[in-house]
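Open your viewer and get the selection tool ready. We will take a short tour, one selection at a time.

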Amino acid sequence: MRTLLLFLLLSLPVYYLASGEEVTPAPEIAFPKMDHQVEIIRLQGSKPGQTLLLVGGIHGDELASCLAVERYTRLQLKRGQMIIIPRLNQRAILAGQRGLNGVDMNRLFDLPEEKLPQPEGEVINLIKKLVKEASCVVNTHQGSGFYSPTWINRQRNPARWGQCNVIDAPFFDLPNGEQLRLEEFANRVVRKANLKIKQSQYHFQVNNTNTASEHSRHKEQRKSLTYYALTQTHRMALGVEVTKDCSLTEAVSFMTIAINAVMEELGIVPTAAPLTGAEAVRKELTEQNRLNGLTVLVNGKKKTIPVGGSIFLQPGETLTLVKLETPFPLGWSVQTRENKERVFPDENFAPARDTTLQVRKDSQRYLFPVRVRKSTVTGLEVALSQKVRTYYPQETIILPARQSFKIVRVLGETDGPVTVDIKGFVGNQRHNDGRDSGYEVTAEKLRPRFALDAEKTLYRIEVRKDNLLLDELFLKVVR
Ligand SMILES: [Zn+2]
């Protein structure tokens with residue numbers, strides 16, 4: 001017995017033992033290296049139960065949907081299964097548009113194969129397959145205004161979509177004589193969710209679009225994912241709409257409250273559900289968008305470039321993207337800013353001239369200039385606490401808060417004068433000439449507004465010849 005326990009313990013993935021810190025499992029990737037790539041996360045509970053297919057981002061301008069769904073990718077389940085797609089319509093999301101070229105991805109589910117526009121059609125076929133694996137489908141949206149069964153005003157009326165659970169019919173008769181009781185289900189979800197929402201103007205309502213009916217106000221919903229899942233695949237299907245008329249934090253919080261309620265109703269039990277309080281959601285949204293840097297290989301040598309830094313290549317050298325340094329690895333893509341050439345991990349990239357790598361997630365953009373330079377700089381000689389040490393280009397000098405260091409000289413470049421400029425430090429107080437070699441640098445002398453990071457600890461050191469940036473190192477203050 002003891003051996004078995006030990007074996008189980010050792011076979012657990014390392015990250016569970018390491019810190020209890022949450023991590024995103026590696027996604028399955030459909031259509032890899034295509035602009036319409038789809039990331040799929042599967043969660044398997046220790047006990048079997050219902051399977052929820054949770055879809056975000058079928059529309060590209062409904063960010064709360066993507067971000068709320070993404071939060072579920074790190075759950076651990078005690079019971080049940082989840083198939084999670086935070087960003088179904090990746091091209092539209094990056095463009096910040098509902099759909100690309102006027103194609104609405106949620107109006108394609110009634111089309112025969114040969115009429116499907118591409119590449120959306122491939123995504124439609126993928127999601128149709130996944131619907132079959134699920135017992136319940138939730139498609140998430142962010143709409144304008146507030147749904148109300150009666151007309152209140154222009155913002156709050158039956159034509160608006162915000163803050164409702166959409167069903168296509170009160171119930172659906174299955175061929176085997178059983179019934180899918182959508183209205184009862186949606187009512188229970190809404191009641192449960194509204195208990196957690198203090199301000200009643202944000203309470204969810206059930207919005208039955210009576211999609212199949214002659215008199216339906218929303219006949220276009222016959223082309224939707226939920227209608228397909230209900231009528232063609234006989235799955236419990238629900239649309240969850242939060243409003244755009246609130247902050248992103250609030251919208252994500254409302255969506256999380258609704259999804260948590262759906263999971264509870266289905267008996268899908270996580271070890272801990274995502275938090276819904278404003279502070280917790282705000283903190284997590286910052287983490288979801290956070291990029292700390294890029295780890296790359298330059299001619300086989302691994303370097304991590306912090307955000308705000310540049311990548312330096314000698315002419316003819318190749319660059320390989322290893323990974324993005326981020327706590328939430330989903331939804332990111334890298335391309336050159338100039339000609340939108342995609343750059344994928346583990347592929348060699350050899351730009352002939354200067355370019356910029358644009359790292360994107362949703363509406364976020366991080367830029368990394370790639371500078372192609374003929375440079376013979378091999379490093380900086382630095383005196384730090386009585387010791388002289390060489391730091392190589394793109395290395396980081398660690399400066400303990402109470403110590404000081406001095407740049408002694410630039411190594412390698414002998415052809416003409418080379419200067420070292422520590423951004424945020426002024427060596428020559430009379431005349432800031434950007435020549436900081438030889439001056440004593442302490443943490444107190446650094447100007448925080450030049451720091452690259454939010455914590456104001458990371459600074460850039462430029463090695464220049466005349467106006468040309470030859471190379472770069474970093475300085476990190478440790479308190
Ligand atoms: Zn939508």
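Start by selecting helix 8, residues 248–266, which is mostly covered: 14 of its 19 residues are buried. Buried here means that 20 or more other C-beta atoms, placed from the backbone, lie within 10 Å of the residue's own. Helices (H or I, at least four residues) and strands (E, at least two) are DSSP runs, numbered from the N terminus.

Before you go on, note that this is a predicted model: local features need pLDDT of at least 70, side-chain atom pairs count only at pLDDT 80 or more, and totals for chains, interfaces and linings use all residues. Residues are numbered from 1 along each chain as its sequence is written.

Next, try the distance tool on the two end C-alpha atoms of helix 8, which are 27 Å apart. That agrees with the expected span of 27 Å for 19 residues at 1.5 Å a residue, because the expected span is 1.5 Å times one less than the number of residues. Then click on Gly267, just after helix 8, where phi is positive, at about 75 degrees.

Now add helix 9 (278–289) to your selection. At what angle do helix 8 and helix 9 pack? The angle is about 110 degrees, and the axes are 9 Å apart. Axes are lines fitted to C-alpha atoms, for helices over the stretch in contact, and angles run from 0 to 180 degrees between N-to-C directions. Helix 8 is therefore roughly perpendicular to helix 9, a label for angles of 65 to 115 degrees.

Show the side chains where they meet: Leu248, Thr249, Val252 and Ser253 on helix 8, with Ala278, Val281, Arg282 and Leu285 on helix 9. Residues are in contact if their C-beta atoms, placed from the backbone, lie within 7 Å. This contact has five nonpolar residues, two polar and one charged. Ala, Val, Leu, Ile, Met, Phe, Trp, Tyr, Cys and Pro count as nonpolar, Asp, Glu, Lys and Arg as charged, and the others, Gly among them, as polar.

Zoom out and colour domain 1 (26–289), domain 2 (293–372) and domain 3 (379–478); these bounds come from an automatic or database domain assignment. Where domain 1 meets domain 2, 15 residues of domain 1 are in contact with 11 of domain 2. On the domain 1 side, helix 3 (63–71), helix 4 (90–95) and helix 9 each supply at least two residues.

Finish with the whole chain, which has nine helices and 29 strands.

Key
Two residues are in contact if their C-beta atoms, placed from the backbone, lie within 7 Å. Angles under 35 degrees count as roughly parallel, over 145 as roughly antiparallel, 65 to 115 as roughly perpendicular and the rest as oblique. A residue is buried if 20 or more other C-beta atoms lie within 10 Å of its own, exposed if 12 or fewer, and partly exposed in between; C-beta atoms are placed from the backbone.
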